[in-house]
Structures are given as C-alpha cells and as structure tokens.
Amino acid sequence: MRFDIITIFPGFFAGALDYGIPRRARAAGLVEFEAHDLRGFTHDRHKTVDDRPFGGGEGMVLKVEPIYDAFTSLGVAEKSMRDTAKETVILLSAQGRPFTQTVAQELAAMERVVMICGRYEGVDERVSEMLCDREISIGDYVLSGGELAAAVIVDAVVRLLPGALGNPDSSRFESFGAEDGGAAGPEDGPPRSTYGSGGLLDYPHYTRPAEFRGVSIPEPLLGGNHEAIRQWRRRMSLKKTLANRPDLLNKIAISEEDREILDELRFEPDTEA
Ligand code: SAM
C-alpha cells in the first residue's frame, strides 16, 4: 500500500510517522508513504501557494494550480477514470465526512491513497470538485492544517494492514472492532456484540503489579476462569460504551445477554448515560 501526501510542510511527516507501528510497517515493506512539497509545483519566484479569496473575507486560500500539478505528477488516474476500490484521493477538511474505524478499514483495502492537506482558510473548492473522491474530517474541531489529520489517518490505516501488528487479533478486539476484524464491508451488516469488541469500546486493561498503593485489580482477572474473565470484560466494555459513547449502542446488534447487562448498568449509580 502507498500513501502520497501533498502538503506545504513535507518535513512534518518525517517525525510523525517515524515511530512504532508505521515505522516498522514501512521497514517491512508493507507500506510506503511520501510527502510531496506543494511549493515544488509553483512557477513564481516566491513559490506562491495561496491567494486571497474571491468575494473577500478572512485569510488566504490554497490555489488550485500547484495542487493540480502536484497531483498530476503522481500518475494517479483522473477522477472519472479512477478505480476507487483500489485508489482514492482525499481532501482533509473540517467539512468532510467523519473519519471512523470503518473508513480506516475501507482505506486499508486500497493500493493507493492520496491525501491533500489544506492550510489557511482552506483549499480552492475546485480541488475537491476536480480531483478528490471524498473529503474527510478527523473530528468536529478546526485544525491549523491537514497534516495532523493525514498522519492520524495513516497511523489508523497502517495498523490494520496484514502483518503490521505483532498479533493480528489485536485490532479485532480493540474499540470499534467488528466481529470479522474489519475485513468485511458494510454489506456484512452491523458488528455483532458477541465476539471481539463488537463495535463497542474496549474493556479496561491491567498489568502487574496486582496491587498498587492499595488499589487492586478487579477480582475476576486474578483467577484463571476464562468464562468469568469474558463476562467481566464484556460488562466493562458495555459500561464504558454506555458512559462515554452511548451513540455506538444504536449502531450494533445487541445480544440478549448484553441487553440484560445494559439494563443492570443503567441502574448502577456511577454509570453516566
Ligand atoms: N475554513 C475552514 C473551515 O471553517 O472549515 C477551516 C480551515 S483550517 C484552518 C485549514 C485546513 O486544516 C483545512 O483546509 C483542512 O485541510 C485542515 N483541517 C482543519 N480541521 C480539520 C479536521 N477536523 N479534519 C481534517 N482536516 C482539518
């Protein structure tokens, strides 16, 4: 898989993606990423990438010509000819569709992802219209530029590539993980809450020591009773989801066992929902 990132700050990615799993995945040849300097595609003495907005208003807007030239240099198919199951062009934008684990799984199945990072007030809208398949936002807040968003997307996608994690099961048991580990698309229906994290938030984790400054780990984790551990983890996943992200419960098919646990949790005094 390959990521191409068009940016005015190519040096940013040398730091952001040079640690942990992205670094190892790159060294193992699972993924390539390259940041392309937008200023290298300008034709004036000042390497101008931005200009004032038509219609007036605050700030500057990234110009369409250098982005178009940077894009063309990558040899990616024109929008109308593109096989979007294999390659996609993304504009990072606060106005985009939300980036989720499902989108990460979709991107992890691609051969090539091109990302265009905005700056200032944003990007000339013709970039989106002429070049991009989608606009993606990493959250409901405004960043100074698309670089952090692009790095977030690369990180989330790379760890889903086969061979990127030491234990391939890790990603299927994490928060938002679906029953099939994420390989399947939406046609397989919603994640079921009977296996893996089933679309819920992850349960709490503990490691040694079993007691720290008088605070002990939960009793079920001390014994080797696998069924008791499973039940405790499931309950804690449901509890965290109910407290922090109750919206996720509407997106999954809930088993009878989970429904009973949720009913109990709703009456527990410390569950905020
Ligand atoms: N005027 C824009 C608006 O109100 O939506 C904000 C522009 S922002 C200061 C500059 C650039 O940062 C954007 O063009 C985009 O590339 C990036 N950006 C800002 N927030 C983002 C977010 N939540 N997700 C992804 N990219 C974002």
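Which pocket, by size, is the space taken by the ligand? In this predicted model, the ligand occupies the second largest pocket. Pockets were identified on a 1 Å grid over the protein atoms alone, as open sets with protein on both sides within 12 Å along at least five of seven lines. A molecule is assigned to a pocket if more than half of its atoms lie within 2 Å of the grid points of that pocket. The model is predicted, and local features therefore require pLDDT of at least 70 and side-chain atom pairs pLDDT 80 or more, whereas totals for chains, interfaces and linings use all residues. Residues are numbered from 1 along each chain as its sequence is written, and side-chain values use heavy atoms, with hydrogens and water left out.

The shell around the ligand comprises 20 residues, of which L92, Q95, G118, E121 and Y141 are the closest; a residue is counted if one of its heavy atoms lies within 4 Å of the ligand. By class, nine of the shell residues are nonpolar, nine are polar and two are charged. In this scheme, Ala, Val, Leu, Ile, Met, Phe, Trp, Tyr, Cys and Pro count as nonpolar, Asp, Glu, Lys and Arg as charged, and the others, Gly among them, as polar. Strand β5 (87-98) and strand β7 (134-137) each supply at least two shell residues, and the largest share, four residues, comes from β5. Strands are DSSP runs of E with at least two residues, and helices are runs of H or I with at least four, numbered from the N terminus.

Polar contacts, defined as pairs of N or O atoms within 3.5 Å, involve both backbone and side-chain atoms of the protein. An oxygen atom of the ligand lies 2.6 Å from a backbone N or O atom of L92, and a ligand oxygen is 2.8 Å from an N or O atom in the side chain of Q95. A polar backbone atom of E121 is 2.8 Å from a nitrogen atom of the ligand. The protein covers 85% of the 580 Å² of accessible area that the ligand has on its own, with areas taken from the Shrake-Rupley method and a 1.4 Å probe.

The chain is divided into domain 1 (2-158) and domain 2 (173-266), with bounds from an automatic or database domain assignment. Their C-alpha centres lie 34 Å apart. A cis peptide bond, with omega about 5°, joins R208 and P209.

Notes
Polar contact = N/O pair within 3.5 Å; in protein donor to acceptor, adjacent residues only side chain to side chain. 1 Å grid on protein atoms, 1.4 Å probe; cavity = no way out; pocket = protein on both sides within 12 Å on 5 of 7 lines; lining within 4 Å.
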